[in-house]
Amino acid sequence: MGKILRHRVALLIAAVCSTTDFLGCVTGQEICSDGERYSPHSDCKFYWDCNSGGDPILRECPADLFWDVGITACNLPENVPECVGGTRPPITTTTIPTTTRPTTTTRPTTTRPTTTTPTTTTTRPTTTTPRTTTPCPTQCCLDDLMEIGSTPFEPNFDPIWSALPGSMLEGGYMTGFSTMNFECAAIIITYTVMFRLSIPNFYLDTAYSGMNGYFDFRPFTQGCLPSGNFTGQEGTAYFEVANLDSYMRFVFYVDIITNRVNIRTLTVEALTFDWLFIDLGPNFVIGGETVDWDAFNENFTTCFAAELAANKVQVEEKLRTAINPIVTQFTLAEIIDIVTRGDCPICR
């Protein structure tokens, strides 16, 4: 079977190489040997997914990252020294390590803190049961308690955040959905949409396993909101925010050929919260380092407000770049229908 697969891959490479120079094929280089999960490509932005249930699939790293053979994940270019000018030298004998994911689905035992109500942002309040909240008065309501089962967790919010295949949530719950309130208004002549999202209280408590991907929160500093490749083999995540208020203005333009909408400008009018708590556990590593979550939570509210004000234009452009691929799935008529009828995609 391995020999047949290699012949099929060789034929596939020959066919592709004869029609395009884009793949940057290397004569004589064997890809996807028996047992390999991933195989490198000569163009460092690309790699082969060998475990797709059929012929290998050519995949591309997000943003400006290169495929790193050593960690079998996309990485910053400076961490992949063998790639010179974006090109990887031919690999004929290198065996690419495979990654064994944890097989246990048992959620680790977690002892909750027994401290009283905190007076600072460094200590998370004691929670023994899911929160209960007052349901929102509109038709855009969801069940307040949402249970999380064992499920793949692979969101792609490029270039800000992406979790690679194999990242898992291993059970937990979320509350606060019924308190969310969406307000939309549109000025049709200029295709301008005002969007406001307010969340009085939102809470997430879930176990995870096999987490790997990247955070790129620049221009926020590393001390305020750390960026880099992340890994988290097994642990528990907590997230809570109180009185979040997000108010943004979008200006759209329409491609008259495809009738698809793009965001031309995004302006953050307001992005504030009273309190935010994050704890991803001691085994969650960002940029090769563990995070002191107590110090992070103590500093975050202040540094976030200051650095957002100082880098507002760069943050707005990064948000526009990340949100635009979602918006381009809709036509102008669908955008107007969502705004004017309140038929928010999250309500479906």
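**Note on salt bridges, helix α3 and some backbone details**

1. D216 is a buried residue, because its relative accessible area is 10%, and the cut-off for calling a residue buried is under 20%. The structure discussed here is a predicted model, and every value in this note should be read with that in mind.

2. What does D216 pair with? K318 forms a salt bridge with D216, and the closest N and O atoms of the two are 3.0 Å apart. This pair links distant parts of the chain, since K318 sits in helix α3 (residues 312-327) while D216 belongs to the loop between β11 and β12, 102 residues apart. K318 also counts as buried, because its relative accessibility is 15%. As a general point, side chains of opposite charge can pair when their charged atoms come close.

3. A search of the whole structure finds nine salt bridges, and another one to look at joins R196 to D245, with the closest N and O atoms 2.8 Å apart. Here too the pair links distant parts of the chain, with R196 in strand β11 (residues 192-215) and D245 in strand β12 (residues 228-254), 49 residues apart. The two partners fall into separate classes of accessibility: R196, at 32% relative accessibility, counts as partly exposed, whereas D245, at 17%, counts as buried.

4. Within helix α3, the side chains of E317 and R320 meet in a salt bridge, at 2.8 Å from N to O. Why can these two residues be described as about one helical turn apart? The reason is that E317 and R320 are three residues apart in helix α3. In general, an α-helix has 3.6 residues a turn, so residues three or four places apart point the same way. E317 is partly exposed at 36% relative accessibility, while R320 is buried, with a relative accessible area of 18%. Elsewhere, salt bridges that share partners join D216, R218 and K318 into one network.

5. The helix α3 itself can be checked for length: its 16 residues, at 1.5 Å a residue, should span 22 Å, and the end C-alpha atoms are 21 Å apart, which agrees. There is nevertheless a kink of about 25 degrees at T321, shortly before the proline P325. The buried residues of α3 include V315, L319, A322, I323 and V327, and among them are also the charged-pair residues K318 and R320.

6. The backbone deserves a careful look in three places. The peptide bond from R218 to P219 is cis, with omega near 20 degrees, and P219 lies in the loop between β11 and β12. T72, although it is not a glycine, has a positive phi of about 45 degrees; this residue lies in the loop between β4 (66-68) and β5 (73-75), and T72 counts as buried at 11% relative accessibility. N243, which is likewise not a glycine, has a positive phi of about 55 degrees, and N243 lies in strand β12, where it counts as partly exposed at 40% relative accessibility. For background, most residues other than glycine have a negative phi, and most peptide bonds are trans.

7. Which residues does S162 touch? Leaving aside residues up to four places away in sequence, S162 touches P155, N156, G213, Y214 and F230. S162 is found in strand β8 (residues 161-163), and S162 is buried, with a relative accessible area of 6%.

Notes:
Residues are numbered from 1 along each chain as its sequence is written. This is a predicted model: local features need pLDDT of at least 70, side-chain atom pairs count only at pLDDT 80 or more; totals for chains, interfaces and linings use all residues. Side-chain values use heavy atoms; hydrogens and water are left out. A salt bridge is a side-chain nitrogen of Lys or Arg within 4 Å of a carboxyl oxygen of Asp or Glu. Helices (H or I, at least four residues) and strands (E, at least two) are DSSP runs, numbered from the N terminus. Buried means under 20% relative accessible area, exposed over 50%, partly exposed in between (1.4 Å probe, protein chains only). Contact means heavy atoms within 4.5 Å. The expected span of a helix is 1.5 Å times one less than its number of residues. The bend at a residue is the angle between axes fitted to the seven residues ending there and the seven starting there.
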